[in-house]
Amino acid sequence: MKKDLMDILACPVCKGDLVLNVVEENEKEVISGTLYCPVCKEHYPIDEGIPNLLPADLRN
């Protein structure tokens, strides 16, 4: 996931801002980590560079 996407990504539930937590990155993008919504207190995973913005009950 490119960090520039943070300018347009929003929580799918409340449409609030997300906080990026990086676990692994390279010079171009975030490979793994989470996107956190402080309003909903929900974490959205980033796996293999792809953010999963589905609500928790719809993941997997």
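Modeller: Contact means that heavy atoms lie within 4.5 Å. Leaving aside neighbours within four places in sequence, V30 is in contact with M1, K3, L20, V22, E24, E25, I46 and G49.

Colleague: How were these values obtained, and what kind of model is this?

Modeller: This is a predicted model, in which local features need pLDDT of at least 70 and side-chain atom pairs count only at pLDDT 80 or more, while totals for chains, interfaces and linings use all residues. Residues are numbered from 1 along each chain as its sequence is written, and side-chain values use heavy atoms, with hydrogens and water left out.

Colleague: How are the strands of the sheet ordered?

Modeller: The order is β1-β2-β3-β4, in an open sheet of four strands with antiparallel pairing. A strand is a DSSP run of E with at least two residues, numbered from the N terminus.

Colleague: Why are β1 and β4 called edge strands?

Modeller: Strands β1 (19–25) and β4 (50–51) each pair on one side only.

Colleague: How do you know that β3 and β4 pair?

Modeller: Two strands pair if DSSP finds at least two bridges between them. Two bridges join β3 (residues 42–47) to β4, and these strands run antiparallel, so the pair meets the definition. In β4, I50 is the bridge partner of D47.

Colleague: Why is S32 called buried?

Modeller: Buried means under 20% relative accessible area, exposed means over 50%, and partly exposed is in between (1.4 Å probe, protein chains only). S32 has a relative accessible area of 16%, and therefore counts as buried. S32 is found in strand β2 (residues 30–37). Not counting residues up to four places away in sequence, S32 touches N21, V22, V23, E24 and I46.

Colleague: What makes the meeting of E25 and K3 a salt bridge?

Modeller: A salt bridge requires a side-chain nitrogen of Lys or Arg within 4 Å of a carboxyl oxygen of Asp or Glu. The side chains of E25 and K3 meet at 3.0 Å, N to O, and the pair therefore qualifies. E25 lies in strand β1 and K3 in the segment before β1, so the pair ties together parts that are 22 residues apart in sequence. E25 is partly exposed at 42%, and K3 is partly exposed at 41%.

Colleague: How many salt bridges does the structure hold?

Modeller: The structure holds two salt bridges. One of them is between the side chains of E42 and R59, at 3.3 Å, N to O. This pair links distant parts of the chain, with E42 in strand β3 and R59 in the segment after β4, 17 residues apart.

Colleague: Are E42 and R59 buried or partly exposed?

Modeller: E42 has a relative accessible area of 24% and is partly exposed, whereas R59, at 16%, counts as buried.

Colleague: What else lies around R59?

Modeller: Leaving aside neighbours within four places in sequence, R59 is in contact with E42, H43, Y44, P45, N52 and L54. A polar atom of the R59 side chain lies 3.1 Å from the backbone oxygen of H43.

Colleague: Which residues make up the largest nonpolar core?

Modeller: M1, L9, C11, L18, V30, L35, C37, Y44 and I46 make up this core, nine residues in all. Strands β2 and β3 each supply at least two of its residues, and β2 gives the most, with three. A nonpolar core is a set of buried Ala, Val, Leu, Ile, Met, Phe, Trp, Tyr and Cys residues joined through side-chain atoms within 4.5 Å.

How values were computed:
Polar contact = N/O pair within 3.5 Å; in protein donor to acceptor, adjacent residues only side chain to side chain.
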